[in-house]
Number of protein chains: 2
Amino acid sequence: MTTQEQTRAGSEAAQGVAQEAMEAAVTDGACGDACVEQALDIFAQLCPSRAMFAELVDKWSMLILMSLAACGPQRFSELQRGVGGVSRKMLTQSLRTLERDGLVRRTVYPETPPRVVYELLPLGGELAALLEPIGRWTERRTGQMVAARDEFDRVHDEA
Amino acid sequence: MTTQEQTRAGSEAAQGVAQEAMEAAVTDGACGDACVEQALDIFAQLCPSRAMFAELVDKWSMLILMSLAACGPQRFSELQRGVGGVSRKMLTQSLRTLERDGLVRRTVYPETPPRVVYELLPLGGELAALLEPIGRWTERRTGQMVAARDEFDRVHDEA
DNA sequence: TCCGAACGGTCTCCAATATAGACCAGGTCT
DNA sequence: AGACCTGGTCTATATTGGAGACCGTTCGGA
């Protein structure tokens, strides 16, 4: 099956069907050409690990995981303040996904006002540990990349 | 400045202005409350490292960097086949961003048909080295996360 | 001789997604 | 009494990404 065919097949596997395909594929190892004998491959469009990868490397999800790793358990509003710029819609959606995938625990305390606390589960801690070096590297290298971009833009504007 | 004020200020700093702000902020370390004394902070919405982080952790950019790390220099069409599902629009856009930021080198060979080769620059190699463990981890843990999701959905559908 | 495929994109349309802000109930504080 | 807080949901609108057509030149196969 070619990549283009996979692409088209991927489009046909609509959202509602995608998860069923994902679950079946994990069980059977049937991910098209790229996944063989139970090995998953994030480069293969239809491989369930690709869908999972796409879900986890969402910008907001990564920032949330890193924030929970750095600051410990937090409430919804604390996360919203700590992760600058995140909308409530995206915070809610990302937390829901992380909870659903077993990376984050959500605990509701029946109080008024409502108090909901989010904390990392072991899987989430593992992933956060891998993400943190990327965050630190970005902070360290931003100066160089901005300089590279200025140079690139200067050269290409002159062209 | 509160997060909400930063959020509004961020909206006002439109795309056309965002880069100027980014460049000035890198120089001056002026990133609002969260960035102090030359320290960059990806959690701060207006910090230039945040914009850089958002740009680099794009799903397609990460897959491209990892593909170049794994397979060496590649042509546009090779990347398109190797990174299953990427549209030409996104492949072009992501490569342009990576080249512009100094992570990837683009070499055009004046031939027919056109031959363009993309390869990692040192900065890109650094980042790819940090991304690769995340890809491997996702492949390793996909089964567990799919199982967690099934359990979550079963419990919440019953509710 | 003609047609299809390949290359590396750009462009346009439209579907999908994200942002911004209003809204909700109940409690606390000024 | 009014403002603010909590943790969201909902809606309108702006933004983004996917799909496919299009471009010129060359090469190979029918």
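Gln80(A) counts as buried, at 13% relative accessibility. The cut-off for buried is under 20% relative accessible area. Gln80(A) belongs to helix 5 of chain A, which spans residues 76–82. Ten places along the chain sits Met90(A): the two residues are 10 apart in sequence, and their C-alpha atoms are separated by 9.9 Å. The model is predicted, and these values are computed from it.

**Chain A as a whole**

Chain A has 7 helices and 3 strands. Along the sequence they follow the pattern α-α-α-α-β-α-α-β-β-α. The chain has 159 residues, and 43% of them are buried. Take the contacts in chain A between residues at least 6 apart in sequence: 44% of these join residues at least 24 apart. The exposed area of chain A is about 7,900 Å². Carbon and sulfur atoms supply 52% of that area.

**The two copies**

How is chain B superposed on chain A? A rotation of 180° does it, with 0.0 Å of shift along the axis and an RMSD of 0.0 Å. The two copies are thus related as by a two-fold rotation axis. Both copies use the same surface: 100% of the contact residues of chain B recur in chain A.

**Phe53(A) and its contacts in chain B**

Phe53(A) is part of helix 3 of chain A, residues 48–56. With 1% relative accessibility, Phe53(A) counts as buried. Which residues does Phe53(A) touch, leaving out those up to four places away in sequence? In chain A there is Ile42(A). In chain B there are Met62(B), Leu63(B), Met66(B), Ile134(B), Gly135(B) and Thr138(B). Phe43(A) lies 10 residues from Phe53(A) along the chain, with 9.8 Å between their C-alpha atoms.

**Ser67(B) and its contact with chain A**

Phe43(A) also appears among the contacts of Ser67(B). Ser67(B) is in helix 4 of chain B. Is Ser67(B) buried or exposed? Its relative accessibility is 4%, so Ser67(B) counts as buried. Setting aside neighbours within four places in sequence, its contacts within chain B are Gly72(B), Gln74(B), Leu79(B) and Val83(B).

**Helix 4 against helix 6**

Each chain has a contact between helix 4 and helix 6. The table gives the axis geometry.

| Helix pair | Axes come within | Crossing angle |
|---|---|---|
| Helix 4 (residues 59–71) and helix 6 (residues 88–100) of chain A | 9 Å | roughly 75° |
| Helix 4 (residues 59–71) and helix 6 (residues 88–100) of chain B | 9 Å | roughly 70° |

Angles of 65 to 115 degrees count as roughly perpendicular. Helix 4 of chain A is therefore roughly perpendicular to helix 6 of chain A. Helix 4 of chain B and helix 6 of chain B are likewise roughly perpendicular to each other.

In chain A, helix 4 contributes Trp60(A), Ser61(A), Ile64(A) and Leu65(A). Helix 6 of chain A meets them with Met90(A), Leu91(A), Ser94(A), Leu95(A) and Leu98(A). By class, this contact in chain A has 7 nonpolar, 2 polar and no charged residues.

In chain B, the helix 4 residues are Trp60(B), Ser61(B), Ile64(B) and Leu65(B). Their partners in helix 6 of chain B are Met90(B), Leu91(B), Ser94(B), Leu95(B) and Leu98(B). The contact in chain B divides into 7 nonpolar, 2 polar and no charged residues.

**Leu120(A) on strand 3**

Leu120(A) is in strand 3 of chain A. Leu120(A) is partly exposed, with a relative accessible area of 22%. Not counting residues up to four places away in sequence, Leu120(A) touches Leu65(A), Leu68(A), Ala69(A), Leu103(A), Val104(A), Gly125(A) and Ala128(A). Of these contacts, Leu65(A) also takes part in the meeting of helix 4 with helix 6 in chain A. Glu99(A) is 21 residues from Leu120(A) along the chain, and the C-alpha separation is 9.1 Å.

**Cis peptide bonds**

Most peptide bonds are trans. Where is a cis peptide bond found in chain A? One joins Thr112(A) and Pro113(A), with omega about -5°. Pro113(A) lies in the loop between strand 2 (104–109) and strand 3 (115–120) of chain A. In chain B, a cis peptide bond joins Thr112(B) and Pro113(B), with omega about 0°. Pro113(B) is in the loop between strand 2 (104–109) and strand 3 (115–120) of chain B.

Key:
Residues are numbered from 1 along each chain as its sequence is written. Chains are lettered from A and ligands numbered from 1 in the order in which they are written. This is a predicted model: local features need pLDDT of at least 70, side-chain atom pairs count only at pLDDT 80 or more; totals for chains, interfaces and linings use all residues. Side-chain values use heavy atoms; hydrogens and water are left out. Copies are superposed by least squares on the C-alpha atoms of residues with pLDDT of at least 70 in both. Contact means heavy atoms within 4.5 Å. Axes are lines fitted to C-alpha atoms, for helices over the stretch in contact, and angles run from 0 to 180 degrees between N-to-C directions. Helices (H or I, at least four residues) and strands (E, at least two) are DSSP runs, numbered from the N terminus. Angles under 35 degrees count as roughly parallel, over 145 as roughly antiparallel, 65 to 115 as roughly perpendicular and the rest as oblique. Ala, Val, Leu, Ile, Met, Phe, Trp, Tyr, Cys and Pro count as nonpolar, Asp, Glu, Lys and Arg as charged, and the others, Gly among them, as polar. Buried means under 20% relative accessible area, exposed over 50%, partly exposed in between (1.4 Å probe, protein chains only). Accessible areas come from the Shrake-Rupley method with a 1.4 Å probe; for residues, only the protein chains shown count as cover.
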